[in-house]
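Me: Could you take a close look at the backbone in the loops of this structure? Once that's done, carry on into the strands, the core and the ligand site, and keep it all in one connected answer.

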Amino acid sequence: SVNVENLSALSAKHPKPANTFTYGTAGFRMNADLLDSVIFRTGILAALRSKKLDGKVIGCMITASHNPAADNGVKLVDPMGEMLEGSWEAHATALSNAQSDEQLVDYIHSMVSSLKIDLTKPANVIIGRDTRPSGVALVNAFVDGLKVLDAKSTDYGILTTPQLHYITRCLNTAGTPEAYGEPSAEGYYKKLAAAFKTLVDGKTKLSPLTLDCANGVGAPKFQEFLPYLGDSLSVKIVNDDIDNASKLNLNSGADYVKTGQRAPVGLKLTSQDRCASFDGDADRIVYYYQDEDSTFKLLDGDKIAGLAAMFIIDLVKAAGIDSIKVGVVQTAYANGASTQYLRNTLNVPVSCVPTGVKHLHHEALKYDVGVYFEANGHGTVVFSPSALKTIYSAEGSSPAQAVAIRSLRALSEVINQTVGDAFSDLLLVETILTQRQWSPKVWDQAYTDLPNRLVKVVVQDRSIFKTVDAERKLVEPAGLQDAIDAIVLKFRDGRSFVRPSGTEDVVRVYAEAATRSETDELAHRIGGLVF
Ligand code: NG1
Ligand code: ZN
């Protein structure tokens with residue numbers, strides 16, 4: 001059983017405030033001042049998780065992604081680089097809310113017995129954090145949590161979220177046939193750069209990409225990455241001021257660009273220039289450019305998914321291995337025009353799942369090659385073991401087939417298969433645009449987005465909103481969905497849904513329709529129903 005004296009001594013350093021906490025879609029995330037006890041207790045949970053999995057390495061990332069500089073957060077990563085198993089989220093929540101050391105010990109013991117955790121097993125945990133100043137103290141709180149159960153920890157310092165996922169998987173697969181790479185940031189750079197160079201080898205280089213790093217961890221890390229890419233890619237980094245903490249995500253970054261459908265500060269858009277924005281922990285990316293008539297054009301996660309699916313389908317055909325079936329996974333926030341394009345033009349199966357990467361990732365694993373993206377730019381591509389086997393054993397019966405097979409192999413290496421990764425997704429998009437010699441405008445021509453609007457509505461209690469059908473329909477409060485349906489019917493190409501956010505204390509209203517003004521009116525009217 002747990003050494004209670006040891007626990008009490010450590011716990012006394014991390015007293016719990018009166019607040020109630022929830023481990024949500026993105027782990028725990030809130031103002032950093034509230035996080036000390038939560039992160040200490042998440043350390044205890046990480047140690048339990050590792051012991052449960054026979055000492056496998058568990059990852060811990062301290063970040064609040066696109067949220068303001070004053071926030072921070074924590075999420076745990078399972079051994080293969082995936083999000084913490086869903087059923088453990090409730091344990092995280094319960095531990096964080098225990099009112100006393102006694103309750104804490106009781107809960108740990110109840111987990112030990114119900115989950116059959118052998119406390120004598122070793123525990124190994126690795127830690128990464130973004131550039132937030134609050135990160136250092138929170139790492140210390142987490143390490144204190146690990147000490148409760150004598151877990152071994154390695155602090156990797158500042159990393160992007162996807163790098164932490166990558167390293168976790170590398171450590172757990174080392175020396176096995178599934179070995180994923182060298183477990184370090186350097187190993188990550190080498191792997192991605194080598195694959196990218198293979199993919200663009202012999203092709204005419206594109207004009208430079210302007211990259212907004214949201215004054216976050218993506219800036220120093222992409223800078224660190226550039227030498228590995230050599231002259232295969234030219235990138236001009238903007239918004240790279242990580243020394244002024246308050247500038248993090250401020251009027252910049254993927255979330256700002258996607259939500260506001262406008263360019264970030266610190267970046268001058270000129271006609272046809274290719275630009276991209278990372279979010280604060282570099283797991284999301286969106287592209288954009290300015291049209292001849294000076295309109296801002298967004299190439300979001302849906303556009304990236306369409307581009308990637310198109311390219312992979314062509315490549316699989318060119319390689320002569322079209323037994324490999326490609327599928328795409330979206331959420332309800334995907335633009336209706338993108339779903340139409342995927343289904344009707346590319347003829348790929350499309351699934352819709354609830355918000356949250358774990359749902360998308362899980363569903364994507366059902367395809368040979370599963371492309372998944374949230375509209376906000378978080379996503380990746382996963383290759384099933386059997387698809388990888390086919391790709392690595394195929395030889396091709398013509399030089400053209402051999403070239404396509406080589407590209408597919410490199411593509412599976414350039415893509416971070418553990419989680420959505422802005423660096424890796426950037427290289428994926430740059431690969432496709434280079435191979436096709438496409439401008440962003442040509443990419444954009446695949447389909448035209450329906451005008452859309454996403455609004456936040458502050459309500460008294462968002463827990464009364466209950467959804468079904470991948471969050472597209474409300475079952476509670478009673479009658480509300482009928483009222484929504486009646487309004488939507490009146491709008492051409494109208495679609496709207498309402499769901500409680502999993503990360504903020506708001507209800508989100510999404511609307512799309514044939515024109516901008518109809519969309520705005522639809523969003524306004526549905527918002528009025530909720531309020
Ligand atoms: P919530 O707050 O549950 O809508 C938001 C994003 C998700 C996802 C999570 C995790 C939207 C509409 N929602 O979830 O896509 O990224 O945060 O960060 O963008
Ligand atoms: Zn993020």
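Reply: Let's settle one term before anything else: a residue is buried if 20 or more other C-beta atoms lie within 10 Å of its own, exposed if 12 or fewer do, and partly exposed in between. Also keep in mind that this is a predicted model.

Now the loops. Most residues other than glycine have a negative phi, and most peptide bonds are trans. Ala 214 goes against that habit, with a positive phi of about 60° although it isn't a glycine. You'll find Ala 214 in the loop between β6 (209-212) and α8 (218-229). Ala 214 has 34 C-beta neighbours inside 10 Å, so this residue counts as buried. Asn 251 also has a positive phi, near 50°, and is a residue other than glycine. Its place is the loop between β7 (235-238) and α9 (253-260). Because Asn 251 has 16 C-beta neighbours inside 10 Å, this residue counts as partly exposed.

There's a peptide bond to check as well: the one from Glu 476 to Pro 477 is cis, with omega near -5°. Pro 477 sits in the loop between β17 (473-476) and α17 (480-488).

Next, a hairpin. Strand β13 (residues 369-373) pairs with β14 in the antiparallel sense, over five bridges. One pair to look at is Val 369 and its bridge partner in β14, Phe 383. Five residues lie between the strands of this hairpin, and Gly 377 takes a positive phi near 100° there. As for β14 (residues 379-383), five of its five residues are buried, so the strand is largely enclosed by the rest of the structure. Gly 379, Val 381 and Phe 383 point one way from β14, Thr 380 and Val 382 point the other way, and all are buried.

On to the core. In soluble globular proteins, nonpolar side chains tend to be buried together. The largest nonpolar core here has 132 residues, and the members touching the most others are Ala 47, Val 125, Ala 308, Ala 309 and Val 371. Helix α10 (residues 301-318) gives the most to this core, ten residues. Apart from this core lies another, of 18 residues, including Ala 334, Ala 375, Leu 522 and Ile 526. To get a feel for the packing, pick Val 125: leaving out residues up to four places away in sequence, its contacts include Ala 46, Ala 47, Val 57, Ile 58 and Leu 146.

Further along the chain there's an open sheet of three strands, in the order β15-β19-β18, with antiparallel pairing. β15 (452-457) and β18 (495-500) are the edge strands, each pairing on one side only. From one strand to the next, the twist averages 15°. Six bridges join β15 to β19 (residues 507-512), and Asn 452 has Glu 512 as its bridge partner in β19. Helix α18 (residues 516-530) lies across β15, β18 and β19, running at about 150° to β19.

Last stop, the ligand. Ligand 1 is surrounded by 13 residues, and the closest are Ala 26, Asn 376, Ser 501, Gly 502 and Thr 503. By class, the shell has two nonpolar, eight polar and three charged residues.

Key
Residues numbered from 1 in each chain as written. Chains lettered and ligands numbered in written order. Predicted model: local features only at pLDDT ≥ 70, side-chain atom pairs only at ≥ 80, totals over all residues. Near = placed C-beta within 6 Å. Nonpolar A, V, L, I, M, F, W, Y, C, P; charged D, E, K, R; others polar. Core = buried A, V, L, I, M, F, W, Y, C linked by C-beta atoms within 7 Å. Helix = DSSP H or I, 4+ residues; strand = E, 2+ residues; numbered from the N terminus. Contact = placed C-beta atoms within 7 Å. Pairing = 2+ DSSP bridges. Axes fitted to C-alpha atoms, helices over the stretch in contact; angles between N-to-C directions.
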